[in-house]
Amino acid sequence: MERLQKVIAKAGYCSRRKAEQLILDGRVAVNDKVVDSLGFKVGVGDSIKVDGKKIILEENIYLVLNKPRNTISSLKDEKNRPTVMDSLGDISERVYPVGRLDFDTTGVLLFTNDGELTNKLLHPSYKVNKVYIATVEGNFTQEYKLILEKGVTIDGKKTSPCRLKVKKHNKDKNKTIVEVILQEGFNRQVKKMFESVGYKVLKLHREEFAGISSRGLYEGQYRVLTKEEVHNLKNVPRGT
């Protein structure tokens, strides 16, 4: 038996907090009886409806995709551009991407129908490490590394402290490969961070998200997460 709001969230209908509000508003019924108590529990075989529409309780599925370049991180695109869902063509279950990656960024993108876990991983109060490999134009120096690690102001907001490591500098091609580890991720953050100190990002790959790696996967390939990986995701610690 599990609390009603948790079951609704796990079904991917909405977040647990939103589910709690739906219950308090009298919009949820179990076995055709309205429930307005947050302590109410349901089990296998119970029928749950929100605003008269039955919630489909699916088995949770967890995937990691090595997102290919030049694809949209959404279920569909109004301009008919390729989306990440094209790489999951043989998945019959309904899944959604956990967050987004830019159109031209490759790497780790998680998918699940576990709404509760999705909201947790995207909530800023949890310590979710994101590891990027950025190829930048020019010789990226220690001076600018320290500036970015301390935080820079982007679109009126200062970025949180992060870690950078220069992996390689190619003098012939005038490029530097830099590893970036951060725990936030607003729109185009990594690219804008480098741009703020005068460096252009030529290529960006997310190598890890919350400890999940894309190693061993070619672009456009996915795999099912192991039980241990799912357990670790569900136990990501809350930040301070």
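This passage walks through a small sheet, a nearby-in-space residue pair and a charged surface patch in a predicted model.

Residues are numbered from 1 along each chain as its sequence is written. In this predicted model, local features need pLDDT of at least 70 and side-chain atom pairs count only at pLDDT 80 or more, while totals for chains, interfaces and linings use all residues; side-chain values use heavy atoms, with hydrogens and water left out.

Strands are DSSP runs of E with at least two residues, numbered from the N terminus, and two of them pair if DSSP finds at least two bridges between them. An open sheet is built from four strands in the order β3-β2-β5-β6, with antiparallel pairing. Its edges are taken by β3 (33-34) and β6 (53-54), each with a single partner strand, so one side of each is left without a neighbour in the sheet. Strand β2 (residues 28-30) is joined to β3 by two bridges, and Val30 stands opposite Lys33 in β3.

Ser47 is found in the loop between β4 (41-42) and β5 (48-50). With 17% relative accessibility, Ser47 counts as buried (under 20% relative accessible area; exposed is over 50%, partly exposed in between; 1.4 Å probe, protein chains only). The C-alpha atoms of Ser47 and Ala29 are separated by 8.1 Å, although these residues are 18 apart along the chain.

Turning to charge, Arg69, Lys168, Lys173, Lys175 and Lys203 form a positive surface patch. Such patches join like charges within 9 Å, using residues with over 30% relative accessible area and no salt bridge (a side-chain nitrogen of Lys or Arg within 4 Å of a carboxyl oxygen of Asp or Glu). Lys203 belongs to strand β15 (residues 201-209) and is partly exposed, at 49% relative accessible area.

Note on methods
Patch = residues over 30% accessible without salt bridge, like charges linked within 9 Å, V, L, I, M, F, W, Y side chains within 5 Å. Areas by Shrake-Rupley, 256 points an atom, 1.4 Å probe, with all protein chains shown as cover. Lys, Arg positive; Asp, Glu negative; His and termini not counted. Charge placed at Lys NZ, Arg CZ, Asp CG, Glu CD.
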